[in-house]
Amino acid sequence: IYSNAIRAPAQSAPQPMNRQRFLLPALLALTVARLLFLPLHELSQVEQHVVQSSQHEGLWQPAMGPVLPFLVKATTSVFGVHPFGVRFLAPFLMLGAGYLVWQLTRGMFDATSASWALVIFQVMPAVNVASVTMTLTTLGIACSAILLMALRLALHREYRWHLQWWWLACALLLAMAV
């Protein structure tokens, strides 16, 4: 006979170790390592063209939008016109893009999936090259992450004049200007 007696609570499965706490120190260590790699090789022809474009007057340069020369001009005015000064923002752009990929994935799935997406993103060869060079690819990867995050935030809002839709419009303008 089946009885409705009080049952002992079910044993829960052991919780896996929380690995989220290692993400930020690992990303910071990776960014510091990328900063150390910046001055090791000479500027490529593309980076030299960016430096030349940043030294010319005017907003829009041939074969280049206004954003990359502006960023290079800002960093070279502080650090000088050499590989470290030209590429200074590249590791930080990839750090920010990685954070946005993590936030995007965490919003769609769970924290574990977001961590794996971040690890896969950071070990991709294109991201590793973009993190130690300052080219249109570096800005393209960062702008793609910004655009995806803005799109996700905007799609979760119904009111068309909500702030996230304006952020999406600004992200689209930024992506087109790159």
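## Pockets, pairs and packing in an all-helix prediction

The second largest pocket here has a volume of about 160 Å³. Keep in mind that this is a predicted model. The protein chain has 9 helices and 0 strands, so reading from the N terminus you get α-α-α-α-α-α-α-α-α. Of the 178 residues in the protein chain, 36% are buried.

**The second largest pocket**

- Its lining is made up of Gln20, Leu23, Leu24, Leu27, Leu28, Leu95, Tyr99, Trp102 and Leu118.
- Two helices, H1 (23–37) and H5 (90–108), each put at least two residues into that lining.
- H1 provides the largest share of the lining, with 4 residues.
- What is the chemical make-up of the lining, in nonpolar, polar and charged residues? It splits into 8 nonpolar, 1 polar and no charged.
- Tyr counts as nonpolar here, and so does Trp, so Tyr99 and Trp102 go into the nonpolar group, while Gln20 is polar.

**The largest nonpolar core**

- In soluble globular proteins, nonpolar side chains tend to be buried together.
- In this model the largest nonpolar core has 13 residues.
- Leu68, Val72, Val86 and Met134 are the ones with the most contacts inside that core.
- Helices H2 and H3 (67–79) each supply at least two residues of this core, and H3 gives the most, with 4 residues.

**The salt bridge**

- Side chains of opposite charge can pair when their charged atoms come close.
- How many salt bridges does the structure hold? There is 1 salt bridge.
- That salt bridge is formed by Arg87 and Glu47, whose closest N and O atoms are 2.8 Å apart; the cut-off is 4 Å, so the pair qualifies.
- The pair links distant parts of the chain: Arg87 belongs to helix H4 (residues 83–87) and Glu47 to helix H2 (residues 45–55), with their positions 40 residues apart.
- Are these two partners buried or exposed? Both Arg87 and Glu47 are buried.

**Aromatic pairs**

- The count comes to 5 aromatic pairs.
- One of them is Phe88 with Phe92: the ring centres are 5.3 Å apart and the planes sit at 55 degrees, so this pair is tilted.
- Why tilted? Stacked needs planes under 30 degrees apart and edge-to-face needs over 60, so 55 degrees falls into the remaining class.
- Phe79, Phe84, Phe88 and Phe92 form one aromatic cluster.
- Phe92 is partly exposed, because its relative accessible area of 34% lies between the 20% and 50% limits.

**Two residues in the later helices**

- Ile141 is found in helix H8 (residues 136–155).
- Is Ile141 buried or exposed? Its relative accessibility is 17%, under the 20% limit, so Ile141 counts as buried.
- Ile141 and Leu93 are 48 residues apart in sequence, yet their C-alpha atoms are 8.6 Å apart in space.
- Leu172 lies in helix H9 (residues 163–177).
- With a relative accessible area of 40%, Leu172 is over the 20% limit for buried but not over the 50% for exposed, so Leu172 is partly exposed.
- Leu172 and Ser144 are 28 residues apart along the chain, and 9.4 Å separates their C-alpha atoms.

Note on methods. Residues are numbered from 1 along each chain as its sequence is written. This is a predicted model: local features need pLDDT of at least 70, side-chain atom pairs count only at pLDDT 80 or more; totals for chains, interfaces and linings use all residues. Side-chain values use heavy atoms; hydrogens and water are left out. Rings of Phe, Tyr and Trp (its six-membered ring) pair if their centres lie within 6.5 Å; planes under 30 degrees apart count as stacked, over 60 as edge-to-face and the rest as tilted. Buried means under 20% relative accessible area, exposed over 50%, partly exposed in between (1.4 Å probe, protein chains only). A salt bridge is a side-chain nitrogen of Lys or Arg within 4 Å of a carboxyl oxygen of Asp or Glu. On a 1 Å grid over the protein atoms alone, a cavity is a set of points where a 1.4 Å probe fits but cannot get out, and a pocket is an open set with protein on both sides within 12 Å along at least five of seven lines; lining residues have an atom within 4 Å of a point. Grid points are joined across faces, edges and corners, and a volume is the space filled by probe spheres set on the points. A nonpolar core is a set of buried Ala, Val, Leu, Ile, Met, Phe, Trp, Tyr and Cys residues joined through side-chain atoms within 4.5 Å.
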